[in-house]
Amino acid sequence: MGRVIPFVVRRVADVEPASKERKWLVENLWLAGGVGILGGAPKVCKTFLAAEISVAVATGSRVLGCDALLTGPVLFYGAEDSLPELRTRFEGLVTVRNLTVEQLPIYLLDIPTLRLERDEDLGRLRAAVAQYQPRLLVLDPFVRIARVDENSAADVSGVLASLRAIQRELDVAVLLVHHARKSPAAHPNQSLRGSSDFAAWSDSNLYLTRRQNVLTLTI
């Protein structure tokens, strides 16, 4: 048996302190370089909010009264919308900002399916993030991008760990859209469908709920 090479370690005092200016991607809404869940029941505008956050980051504008503090490209995959439908969404959002889609550094993954439990798909996603160096990666929704048992902690944690690795390796914030359970919960963290690993994995969490015609966002 050959010599075992130990893990690289670094003395804590030798680690460069985190910059306070880089704490927020969108102030008070989403952490810079963080991962998290945008959750909610069907038809509560999850994709709309994900697109709104994407436009704010891409243009350095505001979303829900919060400033995008770090501006840059966004990589967006909407598994439930065609590319023309996504373009229409983004056109509407930039029009109210007096901009055009031609000015948006937002890139749509032009693929029919994405399966993050497959090594090939995961490798191609990592390569796309490395090539376009986005500030934000949006994946919408989880049920369409990973064919795993949502109730299995082992299955879910494997996919989420892969996204966390991309986030750390390439310094990109990851926004994952996920559905909520049909039954009400005492706390939004408990409303997400499937394994509790979703809530445990997240740095930032946004939950949308609808009561009649009123939408509520819990941060």
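A residue is called buried here when its relative accessible area is under 20%, exposed when that area is over 50%, and partly exposed in between (1.4 Å probe, protein chains only). Helices (H or I, at least four residues) and strands (E, at least two) are DSSP runs, numbered from the N terminus.

This is a predicted model, in which local features need pLDDT of at least 70, side-chain atom pairs count only at pLDDT 80 or more, and totals for chains, interfaces and linings use all residues. Residues are numbered from 1 along each chain as its sequence is written, and side-chain values use heavy atoms, with hydrogens and water left out.

**Helix H3**

Let's start with helix H3, where Asp121, Leu122, Leu125, Ala128 and Val129 are buried. They lie on the same side of H3, because they cover an arc of only 120° around the axis (the arc is that of the directions from the helix axis to the C-beta atoms). The face turned away from that buried side carries the exposed residues Asp119, Glu120, Arg124 and Gln131. What do the buried residues of H3 pack against? Their partners are strand S6 (74-78), strand S8 (136-140) and helix H5 (153-170), where contact means heavy atoms within 4.5 Å.

Asp121 deserves a closer look. This residue sits in H3, which covers residues 119-132, and its relative accessible area is 12%. Leaving aside residues up to four places away in sequence, Asp121 touches Thr113, Leu114 and Arg115. Just after H3 comes Gln133, with a positive phi near 45°.

**The sheet**

Seven strands form an open sheet with mixed pairing, in the order S7-S6-S8-S9-S3-S10-S11. Strand S7 (106-108) and S11 stand at the edges with a single partner strand each, so one side of each has no neighbour in the sheet. From one strand to the next, the twist averages 15°. H5 packs on the sheet and touches S3, S8 and S9, while its direction makes about 155° with that of S9; axes are lines fitted to C-alpha atoms, for helices over the stretch in contact, and angles run from 0 to 180 degrees between N-to-C directions.

Two strands count as paired if DSSP finds at least two bridges between them. Strand S3 (residues 35-40) pairs with strand S10 (residues 204-211) in the parallel sense over five bridges, and there Gly36 stands opposite Ser204. S10 is also joined by five bridges to strand S11 (residues 214-218), this time antiparallel. Leu208 has Leu217 of S11 as its bridge partner, and Arg211 stands opposite Val214. The hairpin of S10 and S11 has two residues between the strands, and Gln212 takes a positive phi near 55° in it.

**A buried loop residue**

Leu192 is in the loop between strand S9 (173-179) and helix H6 (197-201). Is Leu192 buried or exposed? It counts as buried, because its relative accessibility is 3%. Beyond residues up to four places away in sequence, its contacts include Ile37, Gly39, His178, Phe198 and Tyr207.

**The cysteines**

The structure holds zero disulfides, a disulfide being a pair of cysteine sulfur atoms within 2.5 Å. Here is how Cys45 and Cys66 look:

| Cysteine | Closest cysteine sulfur | Relative accessible area | State |
|---|---|---|---|
| Cys45 | Cys66, 17 Å | 35% | partly exposed |
| Cys66 | Cys45, 17 Å | 15% | buried |

Why does Cys45 not bond to Cys66? The sulfur of Cys45 is 17 Å from that of Cys66, which is too far for a bond.
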